[in-house]
Amino acid sequence: MTLSQTEFAFVSTLVRKEASIVLAPGKEYLVEARLIPVARAVGAANVNEFLAELQRRPNPAHQRKIIDALTTNETSWFRDREPFAALTDVILPELVKSRSAARKVRFWSGASSSGQEAYSLAITLSEALPPGWSYEIVGTDISTEMVKRAETAEYSQVEVNRGLPASQLVQYFERAGAHWRVTPQLRKNVSFKLMNLTAPLPAMQPFDVVFMRNVLIYFDVATKRTVLQNVAKLLRPDGWLFLGAAETTIGIDDNYERVAAGRTSAYRVRTGAPAGAARRG
Amino acid sequence: MSVEVEVNENDLAEMVEQVWESYLDPEGINPLIPTYDENQPSEVHSSVSITGSWTGHIVYASSTEAARRAAAAFLAMEAEEVSQEDLTDVLGELANIVGGNVKAMLPPGAFLSLPQVVLAPESSARFPNTTRISGVYGIWDGEPVSISMWHSSSDNNQEEGA
Amino acid sequence: MTQMRAMVIDDSRAMRMILKRIVTKLNFDAVEAGDGQEALNLLADMTEVPDLALIDWNMPNMNGLEFVTNVRADPRLREMTLVMVTTESEQSQIVRALAAGAHEYVIKPFTEGAMIEKLALLGLVPTGANS
């Protein structure tokens, strides 16, 4: 029993629409393998029947289960390393001077997925901030399942192997059955919210640093611009935005300027740009 | 002393998926497709025993062809090049990796044996006085493969008496 | 650039083949040993100390933890980077290995990418190098 072209197309459209994930043709077996336990859990005789029923009568809960089953994460801890090095070497020393009155910094992990970036930021901040300082990290994602996963803060053996130094694994995680869970000391500073970056954003306190890497690549130019304008409204005037290595604001939103940050670069809102309202005329 | 062991089918399935992702199907195109058939046939099997805080066995069983393909994937060679030694080594290592990860979920004081490989069906060597507590049964590349966990029932009796 | 050398220490021949394949791809010269004692014997005869050792924990004769302790006690082997590669994944075991002097710890099963990322953490693989 294999998925038909039509069934595969139905599933791939669903995950592209809901999670911006592209399933290449040829992954039919993988899709089927992941969906067999889902079909079984909802009481369908097999995957074909499960999908046929879903096509007849859309069921958001079942659609979520499909997306969850197919969006395993390849996310590494401290992904790409340089932005994290830039934080400790350049940005945090600067923030420690400019925020010395409040002694608090706020970070945003945009498209936080299963949470590795947000918790990597928490490890970095808890090690680099001077005593007496506090930090808050907000992760946001478009998928309810991902928000839930990030909140549970549990990672598989294979996931904790990815780019996480062993000394930090034993310091910031504890065994939870087959998994590893982030310690409460880090978790209490990190929260996750459901958010669509392309829609008008809810009111939030502004952020000192925004990590929004490998998100814009999924969008067309007009949507990229909307997202960047949304972010500008929530970035402190002297704050920093990190994008993925293949992403830029250049040619999309001129209210940002690219600046060097350690061995990589980040983006800041230009002085003189209409703060928090980077609209184009 | 009563020892509550919580290694369920989901835990076992997750470990198995990690072994596939790491060694047998790194491209994510040839996963183990679950059949939930506890009685599917096998031609070869490997096992590790756990003693100490918990007593039992972890058993990896498959057809000879699946074992050959597993060895080929594991050792990055063609299936035709796989020798009997390659096949035996890889079967042993697969049981060892799953067993080691199961051990980490058991109470402290569990010990893992060296793997044993038997080029005969799993049914030929059912471990005496054991009960199956969880298992993952599936078809990989059209061939049967299973990973199961067996609890030594002498230990069970102790628990009932405790 | 000088030739980097790695030692792969595991009683499973299949696992040694996997590890050897990965380090060879990363341009290391690789030697194999089936247990800690064999590895120490090989090291005693070497004029150039390897840059890296990938070490299983459970092995006959001498286990990986004892090997790490022996290497750390020998000033001649001070420069060797020691990475445990094992199914031993209790938190207490990782702490023991790091305390004994292991630099990194990779839990089996591992993907090739995960192993390369760990070696990059140790500065043994250039980060972002594609060739």
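This is a short walk through a three-part look at chains A, B and C of one predicted model.

Hi everyone, thanks for coming. Please keep in mind throughout that the model is predicted. I'll take chain A, then chain C, then chain B, and end with the contacts between chains.

Let's open with chain A. It is divided into domain 1, residues 5–70, and domain 2, residues 82–269. How many ångströms separate the centres of these domains? Taken over C-alpha atoms, the centres of domain 1 and domain 2 of chain A are 31 Å apart.

Now have a look at helix α6 of chain A, which covers residues 116–128. This helix has 13 residues and reaches 18 Å from its first C-alpha to its last, close to the 18 Å expected at 1.5 Å a residue. Is α6(A) largely enclosed or largely open? It is largely enclosed by the rest of the structure, because 10 of its 13 residues are buried. If you want to colour them on your own screen, the buried ones are A:Q116, A:E117, A:A118, A:Y119, A:S120, A:L121, A:A122, A:I123, A:T124 and A:L125.

Chain A also has an open sheet of 3 strands, in the order β3-β5-β4, and the pairing is antiparallel. Its edge strands are β3, residues 154–155, and β4, and each of those pairs on one side only. Strand β5, residues 179–182, is joined to β3(A) by 2 bridges, with the two running antiparallel. Across that pair, A:E154 stands opposite A:R181.

A word on backbone torsions, since I know some of you will check them. Most residues other than glycine have a negative phi, and most peptide bonds are trans. Which residues of chain A go the other way on phi? One of them is A:D80, with phi near 70°. You'll find A:D80 in the loop between α4, residues 60–70, and α5, residues 82–98, of chain A. Another is A:A153, with a positive phi of about 60°, and this residue lies in the loop between α7, residues 144–152, and β3 of chain A.

How do their surroundings look: buried or partly exposed? A:D80 has 17 other C-beta atoms within 10 Å, so it counts as partly exposed. A:A153 has 23 other C-beta atoms within 10 Å, so it counts as buried; the cut-off for buried is 20 or more.

On to chain C. Here 5 strands form an open sheet in the order β2-β1-β3-β4-β5, and the pairing is parallel. The edges are β2, residues 28–33, and β5, residues 104–107, each pairing on one side only. From one strand to the next, the twist averages 20°. At the β5 edge, strand β4, residues 81–86, is joined to β5(C) by 4 bridges, and C:V85 stands opposite C:V106 there.

What lies across this sheet? Helix α1 of chain C, residues 13–25, lies across β1, β2, β3 and β4, and runs at about 165° to β2(C). Remember α1(C), as we'll meet it again in a moment.

Chain C has a backbone feature of its own too. A cis peptide bond joins C:K108 and C:P109, with omega about 5°. C:P109 lies in the loop between β5 and α5, residues 112–121, of chain C.

Chain B I'll cover from further back. Its secondary structure comes to 4 helices and 7 strands, running α-β-β-β-α-α-β-β-β-β-α from the N terminus on. Of its 162 residues, 49% are buried. Among contacts in chain B between residues at least 6 apart in sequence, 68% join residues at least 24 apart.

Finally, the chain-to-chain contacts. Between A and C, 14 residues of chain A are in contact with 16 residues of chain C. Which element gives the most on the chain A side? That would be α9(A), with 4 residues. Elements giving two or more residues to this side are α8 (157–161), α9 (166–172) and β4 (173–176) of chain A, so named, β4(A) is also an edge strand of the antiparallel sheet. By class, this side of chain A has 5 nonpolar, 5 polar and 4 charged residues.

Between C and B, the contact takes 17 residues from chain C and 19 from chain B. And here is α1(C) again: it provides the largest share of the chain C side, 6 residues. That side has 6 nonpolar, 5 polar and 6 charged residues.

That's my tour; happy to take questions.

Technical notes
Residues numbered from 1 in each chain as written. Chains lettered and ligands numbered in written order. Predicted model: local features only at pLDDT ≥ 70, side-chain atom pairs only at ≥ 80, totals over all residues. Domains from an automatic or database assignment. Pairing = 2+ DSSP bridges. Axes fitted to C-alpha atoms, helices over the stretch in contact; angles between N-to-C directions. Contact = placed C-beta atoms within 7 Å. Nonpolar A, V, L, I, M, F, W, Y, C, P; charged D, E, K, R; others polar. Buried ≥ 20, exposed ≤ 12 C-beta atoms within 10 Å, placed from the backbone. Expected span 1.5 Å × (residues − 1).
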